[in-house]
Amino acid sequence: MSETKTPRQRAREQTMADILRIGREHLTSQGAAALSLRAVARDLGVVSSAVYRYVSSRDELLTLLIVDAYNDLGNRVDADIAEASADPLARFFALAGAVRSWALGEPARYALLFGTPVPGYQAPTERTNDAGTRVVVALIAIIEDAWQAGDLHWPPAQGNRTVDLPSPLATDLETLRNEYGLTVPVELIARGMSCWSGLFGAVNFEVFGHFGDSTFTDAGEMFHQTIRLLALQLGLAPEADPREAP
């Protein structure tokens, strides 16, 4: 049976929700570097000392907004994967499409996570790591599930051959393999890490306008081409696959 919350608990949760909502609004209108608890208190309609009872500092507010954004992105990815078919390639396309759609719809929050660091602020790993790794954990799960089901095109075809990993990297990847209880070869984990950075690199170029205004008629098509190539790298598709990324 769920515990009944007291009016005081409900009021505190509502105030925290309002602080986060206003913080997100200020991210959009002013940017992360200009966040101010005094400004949040003003929009909340209370004195600044009242906000400090809920959020101790600007850095604490940034941490809360980062965790909130990571979880919002993770929830979007999980939901879109769940709606996709069981086919690992479809799940991968769903994951990639969810990241891009969320980033384009939430550019200020995406910039907080993956843009220019906020001067003077260092995100506490112990508070942000679980939320911040949700996308890559979902990606590795797709690869692992496909490996166990025998659905990966592995080893890759000629021209996309396996490579020998240097000793320090192989050791680090083996540590990850054991930490997450994976059965895939360490090279596939390496490819998964490369795919992770490739996916977000492609999203960064589009969100932050690094392609320029006139390079591509449709930047989305460049993104989809990148995802198709990453799928080949992971063994989620054969060298020639008629299916298209969404």
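How many residues does helix H9 have, and how far does H9 reach from its first C-alpha to its last? The legends below take up this question along with the pockets and the overall fold of this predicted model.

**Figure 1. Helix H9 and the glycine that follows.** Helix H9 covers residues 167–179, which gives it 13 residues. From its first C-alpha to its last, H9 reaches 18 Å, close to the 18 Å expected at 1.5 Å a residue. Take a look just after H9 as well: there, glycine 181 has a positive phi of about 60°.

**Figure 2. The largest pocket.** This view is centred on the largest pocket, where the space comes to about 330 Å³. Its lining has 16 residues, and those closest to the pocket's centre are Ile66, Leu112, Leu113, Tyr121 and Ala123. Three elements give two or more residues to this lining: helix H4 (58–83), helix H6 (107–114) and helix H7 (125–132). H6 gives the most, with three residues. If you are curious about the chemistry of the lining, 11 of its residues are nonpolar and five are polar, while no charged residue takes part.

**Figure 3. The second largest pocket.** Here we move to a pocket with a volume of about 200 Å³, the second largest in the model. Residues to look for in its lining include Thr133, Val136, Val137, Ile140 and Ala141. Leu176, Tyr180, Leu182, Ile189, Met193 and Trp196 also line this pocket. Helix H8 (134–149) and helix H10 (186–207) each supply at least two of the lining residues, and H8 gives the most, with four. The lining divides into 10 nonpolar residues and one polar residue, with no charged ones.

**Figure 4. The helices in their setting.** Stepping back from the close-ups, you will find 11 helices and zero strands in the protein. Read along the sequence, the pattern is α-α-α-α-α-α-α-α-α-α-α. The C-alpha trace spans about 65 × 50 × 35 Å along its principal axes.

**Figure 5. Contacts, burial and surface.** Of the 246 residues in the protein, 38% are buried. Among contacts with a separation of 6 or more, 72% are between residues 24 or more positions apart. The accessible surface comes to about 13,400 Å², and carbon and sulfur atoms account for 52% of it.

Conventions
Residues are numbered from 1 along each chain as its sequence is written. This is a predicted model: local features need pLDDT of at least 70, side-chain atom pairs count only at pLDDT 80 or more; totals for chains, interfaces and linings use all residues. Side-chain values use heavy atoms; hydrogens and water are left out. On a 1 Å grid over the protein atoms alone, a cavity is a set of points where a 1.4 Å probe fits but cannot get out, and a pocket is an open set with protein on both sides within 12 Å along at least five of seven lines; lining residues have an atom within 4 Å of a point. Grid points are joined across faces, edges and corners, and a volume is the space filled by probe spheres set on the points. Ala, Val, Leu, Ile, Met, Phe, Trp, Tyr, Cys and Pro count as nonpolar, Asp, Glu, Lys and Arg as charged, and the others, Gly among them, as polar. The expected span of a helix is 1.5 Å times one less than its number of residues. Buried means under 20% relative accessible area, exposed over 50%, partly exposed in between (1.4 Å probe, protein chains only). Contact means heavy atoms within 4.5 Å. Accessible areas come from the Shrake-Rupley method with a 1.4 Å probe; for residues, only the protein chains shown count as cover.
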